[in-house]
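Here's a quick walk through a two-part story: a sheet in one chain, then the overall build and domains of another. Have a look at the structure first, then read on.

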Amino acid sequence: MTDETPPGGARGDEIVRKILAGEPVTVGPKERMLLDRVAMLEQDAGARSANFEEVNLGFTERLAVLEAERCLQCKNPKCIDGCPVRVNIPRFIEFLRVGDLPAAAESLLDDNALPCVTGRVCPQETQCELLCLRGKKGKPVAIGYLERYVADWAQAHPEALPHLRPAASGRTVAIVGSGPAGLTAAGELAKRGHQVTVFEAFHAPGGVLIYGIPEFRLPKDIVQAEVDRLRDNGVTIESNSIIGKLFTLAELREQFDAVFLAVGAGLPVFMGVPGENLKGVYSANEYLTRVNLMGAWAPDAETPVLHGQRVVVVGGGNVAMDSVRTARRLGAEEAIIVYRRGPDELPARAEEVHHAEQEGVRFDFLVAPLEVLGDDERWVTGLRCIRMELGEPDASGRRRPVPIEGSEFVIECDMVVVAIGTRSNPILRSSAPELAVNEWGYITTDEFGMTNLPGVFAGGDIVRGAATVILAMGDGKRAAASIDSWLTGSWPPVPAGENDEAAAGASPVPAPVASS
Amino acid sequence: MHPIVARDQLSPNVTRLVLEAPRIARIRRPGQFVIVRKGPGAERIPLTIADADPDAGTITLIIQAIGKSTTDLVELEPGEAIQDVAGPLGSATELLDSGHAVCVGGGVGTAVILPIARELGRRGVGVTSVIGGRSREWVILEDELRAAGEVVTCTDDGSYGRHGFVTQALGDLLEAGGIDAIYAVGPVPMMRAISEQTRPFGVPTFVSLNAIMVDGTGMCGGCRVTVRGETHYACVDGPEFDGHQVDFGELADRLSTYRPFEQRALEHRAACKVPALAAAAERTTEGVTR
């Protein structure tokens, strides 16, 4: 039930027993320190590596209350500084601790438009939980698991939440892209009474939450429910609408009072090695889109996907972990991560790496691909690689991998998934040459998230390059605040209160590298 | 939703659907395509916009029923609807402003040629269309193309027009000279043969590549094709490319990626739904869709 930290003695055991039994118990400040972090319940690794059901099973209410008791309710809570959307963490945890779930849910939703999502996919260990005081000695409060519990409760109990429709401002906003940045901005702007239309290129909204992150990590009906809640709050979503094709940015500027560009960094990067166009080589984007958005994981799906028996995934980020774990679930006897650096340099979340290991994924570290090998019919038969050693630190501060001469070898495989990152998609910018972008095609913005075009804002991966869901959400939230100022004539946004540090663009959390 | 307003059969396995898509009808240009998804659970498939009526707010899709998804689509009747239509996608065709163009269409590729020939005709470019099929019943869009210029029809069995392949008719035109550009769309072997045929004449030859794609916006990279030794995405860089520079062998191979899957899906569909369609499962197919 609890992690391997030293037990809290007889009194600690008594508190745990009483809370789990639902009996009243008063826990003193020092007694909180006796409580160990509650572990997440997980689906058995053997069973789950053959199914697409969620790996983490969530807390029960009693376990959630027990974990909430561990929070010290710091006067100056550092955890909030670690959160890109600045969720008031101690506040919702305190409501949860005293059993007032409607208040906990309202508090959380007030700060975070997509808590069911962030409670599942945020790298809490490098954000809120990293700064949690309890982590200085022992383990931090399981903030992510508690967020997930409260968010799931809110999704299951919509009737318990106030349904406030703010007075209409009469202002309109177009949001391009329905991923985490776009949906967050949509929620924030709808809350302020603005009429929001979200344009999505695919047939279903959610962006990377729908096409990228697999079912076993983020069930699609949960994303759908979050999107439905935004619709209930008055947000309009136009699917199949590719801006740059169906409408131009100039047209959106004519029709809307403000525009938020959150199109993501959707163009896959390939390795640039021979054989990359052989049959059986996928970009992670294509592989995951087929499996997740198009539902190819189901046996009766209409969209096909190759079921490799020996699958090599190139890359070490979360997308690589998602791909390799998907391959296992689709029947790969061997699913192998090939990463050119070492285990300490893996950009993926620790939990994803751990889950992949549990599910039987093999990791080949310090290995770089040289060529994809194929047979007469141009099907993949192997990946020719070279071993690497770590040299001097590079610009990112990580030690640069250097090839070891003469160490070439072949990994036999019938499928290769390339998960080494993404770039800016040219469709929007090629149809809007007036929009300023940097040398890599990412949109440049000022400290308020506004582009060079008045009233046009941008955020998420299309500004910062491939990053995380929560950083994109942070951008969406900040952009929404700026857009609100723009629409209500209080420009430039005036710093006031704790959100201004973020509003001024000084994110307290450094942008992690998604993959390399 | 995009209601079907008209449907007719052009050949034994080619169907014309006219559907509502007002915005796309107004802005599409020749050479562009849409991605359609019939409804929940259905595949996303790329289809060239064969025609559009901006006043009526409709676009025309000409679909060859070769797999389960295309077979499902062509069975739609007027009044029924396609749930998702995304576009217009791809780059528009590079069109001549004057001179003489030859438009070659093989099978359902003729549907891709039609909007190009029409626009060329409208610009005052001399157009000769060369279209072909196995036999008379497989030749499509002859009347529509005649409105844009001269039409030469060819059948493999000689049952209609010239006896032989479109390449033979094209050969005569090349020998006669005076051709400024060739637009060729059809099965990969046809486009490859035509590109080889025109190369010694130095006539610019544009082909439209029906690569496998999911999103159609450059996101999946599934449609990558090698042109002039470099990888391009058919969906955003194309679908039209310089035929003299395309690696057709690679394209043909990549198009076969899901063939076993398609065959199974079609057999399954035929077995459990419409026995008459079992015949469709027998057909050998060129690309996935066009």
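Before we get to a helix crossing some strands, one convention: axes are lines fitted to C-alpha atoms, for helices over the stretch in contact, and angles run from 0 to 180 degrees between N-to-C directions. Also keep in mind that this is a predicted model.

**The sheet in chain A**

With that convention in hand, take helix α15 of chain A, residues 284-293: it lies across β6 and β14 of chain A and runs at about 85° to β6(A). Those two strands belong to an open sheet of five strands in chain A, ordered β6-β14-β7-β8-β9 with parallel pairing. At the edges stand β6 (281-283) and β9 (362-365) of chain A; each has a single partner strand, so one side of each is left without a neighbour in the sheet. From one strand to the next, the twist averages 20°.

Zoom in on one of the pairs. Strand β7 of chain A (residues 310-314) pairs with strand β14 of chain A (residues 415-418) in the parallel sense, over four bridges. If you want a spot to click on, Val313(A) stands opposite Val417(A) in β14(A).

**Chain B as a whole**

Now over to chain B, which has ten helices and 16 strands. Its radius of gyration is 18 Å, close to the 19 Å that the globule rule gives for 290 residues, so chain B is as compact as a globular protein of that length. Here are some overall numbers for the chain:

| Property of chain B | Value |
|---|---|
| Span of the C-alpha trace along the principal axes | about 55 × 40 × 40 Å |
| Buried share of the 290 residues | 56% |
| Share joining residues at least 24 apart, among contacts between residues at least 6 apart in sequence | 63% |

**Where the two domains of chain B meet**

The domain assignment splits chain B into domain 1 (2-91 + 260-282) and domain 2 (100-253). Their C-alpha centres lie 21 Å apart. Across the boundary, 20 residues of domain 1 of chain B are in contact with 22 residues of domain 2 of chain B.

Which strands build the domain 1 side of that boundary in chain B? β1 (2-11), β3 (33-37), β4 (45-53), β5 (58-64) and β7 (84-89) of chain B each supply at least two residues. The largest share, five residues, comes from β4(B). Sorted by class, this side of domain 1 of chain B has twelve nonpolar, six polar and two charged residues.

How values were computed:
Residues numbered from 1 in each chain as written. Chains lettered and ligands numbered in written order. Predicted model: local features only at pLDDT ≥ 70, side-chain atom pairs only at ≥ 80, totals over all residues. Domains from an automatic or database assignment. Contact = placed C-beta atoms within 7 Å. Nonpolar A, V, L, I, M, F, W, Y, C, P; charged D, E, K, R; others polar. Pairing = 2+ DSSP bridges. Rg over C-alpha atoms; globule rule 2.2 N^0.38 Å. Buried ≥ 20, exposed ≤ 12 C-beta atoms within 10 Å, placed from the backbone.
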